[in-house]
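Colleague: Please take me through the model shown below, beginning with its fold and ending with its pocket.

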Amino acid sequence: MKNAILILLFLSSTSSATELHRIADLNQKKVTDNAVISTKGHWNNLNITLNGTTDPNDVNAAMYGTCNVDMDKSAYSHSVKKSDEGNDIHEYNYTADQCKAKVEIIDMNKQEARVTLSDQCQVYCGVQGDIHSLDGYYRQ
């Protein structure tokens with residue numbers, strides 16, 4: 001019985017990981033699957049990583065044009081607002097140097113998100129990268 005309680009406590013304290021793939025840019029145009037949001041943890045303590053490339057089929061773009069933003073928990077603020085449909089939207093505003101990133105995740109098992117980044121986030125990309133390849137709508 002004691003072991004069963006310990007196992008239940010362990011399982012309830014572990015965090016789930018989610019990976020969302022970009023489905024459209026901010027103009028809602030369909031795009032190739034070239035960007036991913038990875039999240040791990042709980043809403044108030046979420047690790048968020050944005051990763052993408054302008055063209056996943058181009059070897060040079062993959063080598064020199066990959067953008068990778070690791071949103072450090074100490075550098076983002078977290079707030080919750082309601083959508084028109086009544087779902088909670090968890091908003092993470094990240095600021096590092098001049099870079100401003102906003103990730104909005106809809107609280108439906110973390111299955112949908114929206115990402116916007118400022119031009120100053122270009123330092124997170126390779127020489128051939130475009131930080132705005134991460135902007136857009138994401139789904140699981």
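Modeller: Helices (H or I, at least four residues) and strands (E, at least two) are taken as DSSP runs and numbered from the N terminus. The model is predicted, so local features need pLDDT of at least 70 and side-chain atom pairs pLDDT 80 or more, whereas totals for chains, interfaces and linings use all residues. Residues are numbered from 1 along each chain, and side-chain values rest on heavy atoms, without hydrogens and water.

Colleague: Which pattern does the protein chain follow along the sequence?

Modeller: The protein chain contains two helices and nine strands. Taken in sequence order, these elements give α-β-β-β-α-β-β-β-β-β-β.

Colleague: In what order do the strands of the open sheet lie?

Modeller: Strands count as paired if DSSP finds at least two bridges between them. By this criterion nine strands form one open sheet with antiparallel pairing, in the order 4-3-2-1-9-8-7-6-5.

Colleague: Which strands stand at the edges, and why is one side of each left without a neighbour?

Modeller: An edge strand has a single partner strand, so one of its sides has no neighbour in the sheet. This applies to strand 4 (66-71) and strand 5 (76-82).

Colleague: By how much are neighbouring strands of this sheet turned against each other on average?

Modeller: The axes are lines fitted to C-alpha atoms, and angles between N-to-C directions run from 0 to 180 degrees. With direction ignored, the average turn between neighbouring strands of this sheet is 20°.

Colleague: Which glycine has a positive phi in the turn between strand 2 and strand 3?

Modeller: Strand 2 (residues 35-40) pairs with strand 1 (residues 17-24) in the antiparallel sense over five bridges, with Thr39 as the bridge partner of Thr18. Strand 2 also pairs with strand 3 (residues 47-53), antiparallel over six bridges, and here Val36 has Asn51 as its partner. Strands 2 and 3 form a hairpin with six residues between them, and the residue with a positive phi, of about 120°, in the turn is Gly41.

Colleague: What is the phi of Gly86 in the hairpin of strand 5 and strand 6?

Modeller: Strand 5 and strand 6 run antiparallel and are joined by seven bridges, with Tyr76 opposite Tyr94 in strand 6. Five residues lie between the two strands of this hairpin, and Gly86 in the turn has a positive phi of about 95°.

Colleague: Is Ser83, in the loop between strand 5 and strand 6, buried or exposed?

Modeller: Buried means under 20% relative accessible area and exposed over 50%, with partly exposed in between (1.4 Å probe, protein chains only). Ser83, which lies in the loop between strand 5 and strand 6, has its C-alpha 9.9 Å from that of Asp107, 24 residues apart in sequence. At 15% relative accessibility, Ser83 counts as buried.

Colleague: Which residue other than glycine has a phi near 55°?

Modeller: Strand 6 (residues 88-96) and strand 7 run antiparallel and are joined by eight bridges, with Lys102 as the bridge partner of Asn93. The residue in question lies in the loop between these two strands and counts as exposed at 74% relative accessibility. The residue with this positive phi is Asp97.

Colleague: How far apart in space are Lys30 and Gly136, C-alpha to C-alpha?

Modeller: Lys30 lies in the loop between strand 1 and strand 2 and is exposed, with a relative accessible area of 70%. Although Lys30 and Gly136 are 106 residues apart in sequence, their C-alpha atoms are separated by 9.8 Å.

Colleague: How are the rings of Tyr76 and Tyr92 arranged?

Modeller: The structure holds one aromatic pair (centres within 6.5 Å; planes under 30 degrees apart stacked, over 60 edge-to-face, the rest tilted). Tyr76 lies in strand 5 and Tyr92 in strand 6, so the pair ties together parts 16 residues apart in sequence. Tyr76 is buried at a relative accessible area of 12%, and Tyr92 is buried at 0%. The ring centres of Tyr76 and Tyr92 are 5.1 Å apart and the planes stand at 90°, so the arrangement is edge-to-face.

Colleague: What is the volume of the largest pocket?

Modeller: Ile23, Ile89, Glu104, Ile106, Glu112, Ala113, Arg114, Tyr137, Tyr138 and Arg139 form the lining. Strand 7 (99-106), strand 8 (112-117) and strand 9 (136-139) each give two or more residues to this lining. A pocket is an open set of points on a 1 Å grid over the protein atoms alone where a 1.4 Å probe fits, with protein on both sides within 12 Å along at least five of seven lines; lining residues have an atom within 4 Å of a point. Taken as the space filled by probe spheres set on the points, the volume of the largest pocket is about 190 Å³.

Conventions. Rings of Phe, Tyr and Trp (its six-membered ring) pair if their centres lie within 6.5 Å; planes under 30 degrees apart count as stacked, over 60 as edge-to-face and the rest as tilted.
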